[in-house]
Amino acid sequence: MELKRVVVTGLGALTPIGNTIPEFWDNLLNGVSGAAPITGFDTEKFKTKFACELKNFNPEDFLDKKEARKLDPFVQYAMVSTDEAVKDSGVNFAELDTNRIGVIWGSGIGGIKTFLDEMRNFYAGDGTPRINPFFIPKMIIDIVTGHISIKYGLRGPNFATVSACASSTNAMIDAYNYIRLNMADMVISGGSEAIINEAGIGGFNAMHALSTRNDDPSTASRPFDKDRDGFVAGEGAGTIILEELEHAKARGAKIYAELVGGGMSADANHITAPHPQGLGARMVMTNALKDAGMSTADIDYINVHGTSTPLGDISETKAIVDLFGEDAYKLNISSTKSMTGHLLGAAGAVEAIASILSVKNDIVPPTINHFTDDPDFDPKLNFTFNTSQKRLVRAALSNTFGFGGHNASVIFKKYEE
């Protein structure tokens, strides 16, 4: 069976450094930090008092007020970024076979704010379960794909993936496979997350996973820096429209890049800590390259998972050096989490967008907030510290790794006839 080719024809982003693709990309290239003191709740008694929140975002600017109240923030974010991607793609669903257009989405946690608010109301009462009828439909992760399919009338494959911080990358890989196996012509894919609340920040604080650099939030996300002390929580969404090549050409769609490979693996090591030698990370990149029919010499840029945790950054770079060998020193490596924070289940989609735009525009966004070299990292590696770098980007690989040892990687390359 001949596999179909899959291309990217639409992008949408709602992030802590930009509420649209142009704004996000401009701030990414200019090294803008999205971290600031948390405004959404009182952090006085919390170890971490900052995060990468969305800025100047009001859901009622995009959604009907009554409808917005029925949606958890993680769903609101998904609807907004998808609206941008659909408009960007120029697609007219009325002219297409919507039975062959699907929605596959990822989120690591889903409607945690809805759960928190509902339980807070319950325990403040007299024990009578006065539960909002929208409680369950607002909270469950797969409701995103339901809302998107209903809005646009899409009847193709429709489900959600959950693999912690690898969720939206797994969603893209599933979408990629459905299209290349000729089971769909187009899939709206991506991820969203909204965990900047008492439960999300308190929970990750309890795990000692978050940075506590409260005196300097804007520089707290420091991937590969000697003084990194944990990740910075982020929120938002990213949407990528994937489409079968001939289907895209037939409707005259613009093409950003081609998705050519996806890899998956498990660390099988620990529920939160990465394998110390990066064995799972090495395997997932190997699998992605094999799927794409590419070698390490074909990759010019890796958008790394790079969360700014002491153990994670080391294991990922060990995997890169071990797999790429001498080719590792020809790469640009960067962690855009240094600017956006860690969007958890949405990270894969947002970082894939950064990778796609790097391939499209031949420029690599920086890893900001680098102050002190860490002797644990090979000094010959180019981490693109502090300033974006122009270079030919023929292909970019994007890594996402999740609690539980879930690893997923995707490869985008320049589109050629």
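What follows is a walk through helix packing, salt bridges, one buried leucine and a nonpolar surface patch. Keep in mind that this is a predicted model.

Let's start with the helices. Two packed helices are described by the angle between their axes and the distance between the axes. A good place to try this out is α13, which covers residues 347–361. Its packing against α7 has an angle of about 70°, and the two axes are 5 Å apart. Angles from 65 to 115 degrees count as roughly perpendicular, so α7 and α13 are roughly perpendicular to each other. On the α7 side, the residues that meet α13 are Ser-168, Thr-169 and Met-172. Their partners in α13 are Ala-347, Gly-348, Ala-349 and Ala-352.

Helix α13 also packs with α1, the helix formed by residues 21–29. Here the axes come within 11 Å and cross at roughly 75°, so α1 is roughly perpendicular to α13. From α1, the contact takes in Ile-21, Phe-24, Trp-25 and Leu-28. From α13, the contributors are Val-350, Ile-353, Ala-354, Leu-357, Ser-358 and Asn-361.

Now for the charged side chains. The structure has 22 salt bridges, and a few of them are worth a stop. One pairs Asp-83 with Lys-151, with 3.7 Å between the closest N and O atoms. Asp-83 sits in helix α3 (residues 73–89) and Lys-151 in helix α6 (residues 143–152), so this pair ties together parts that are 68 residues apart in sequence. Are these two side chains buried or exposed? Neither label fits: Asp-83 is partly exposed because its relative accessibility is 22%, and Lys-151 is also partly exposed, at 43%.

Another salt bridge joins Arg-213 and Asp-229, with an N to O distance of 3.9 Å. Both residues lie in the loop between α8 (198–206) and β7 (236–244), so the pair ties together parts that are 16 residues apart in sequence. Arg-213 has 17% relative accessibility and so counts as buried, whereas Asp-229 is partly exposed at 25%.

Then there's Arg-251 with Glu-243, whose side chains meet at 2.8 Å, N to O. What is the relative accessible area of Glu-243? The value is 0%, so Glu-243 is buried. Arg-251, on the other hand, is partly exposed, with a relative accessible area of 23%. Salt bridges can also be chained up: Lys-113, Asp-117, Arg-120 and Glu-198 are linked in a network of them.

Next, pick out Leu-289 in helix α10, which runs over residues 279–292. Its relative accessibility is 5%, and that is why Leu-289 counts as buried. What does Leu-289 touch, once its neighbours within four places in sequence are set aside? The contacts are Met-294, Ser-295, Thr-296, Ile-299, Leu-323 and Ile-411. For one of these, Ile-299, there is a backbone distance too: Ile-299 is 10 residues from Leu-289 along the chain, and their C-alpha atoms are 9.1 Å apart.

Last stop, the surface. Met-1, Leu-3, Leu-181 and Met-183 make up a nonpolar patch of about 430 Å². Among them, Leu-181 belongs to the loop between α7 (167–180) and β6 (186–193). With a relative accessible area of 37%, Leu-181 is partly exposed. That brings us back to α7, the helix that packs with α13.

Conventions:
Residues numbered from 1 in each chain as written. Predicted model: local features only at pLDDT ≥ 70, side-chain atom pairs only at ≥ 80, totals over all residues. Heavy atoms only, no water. Patch = residues over 30% accessible without salt bridge, like charges linked within 9 Å, V, L, I, M, F, W, Y side chains within 5 Å. Areas by Shrake-Rupley, 256 points an atom, 1.4 Å probe, with all protein chains shown as cover. Salt bridge = Lys/Arg side-chain N within 4 Å of Asp/Glu carboxyl O. Helix = DSSP H or I, 4+ residues; strand = E, 2+ residues; numbered from the N terminus. Buried < 20%, exposed > 50% of the residue type's maximum accessible area, 1.4 Å probe, protein only. Axes fitted to C-alpha atoms, helices over the stretch in contact; angles between N-to-C directions. Parallel < 35°, antiparallel > 145°, perpendicular 65-115°, else oblique. Contact = heavy atoms within 4.5 Å.
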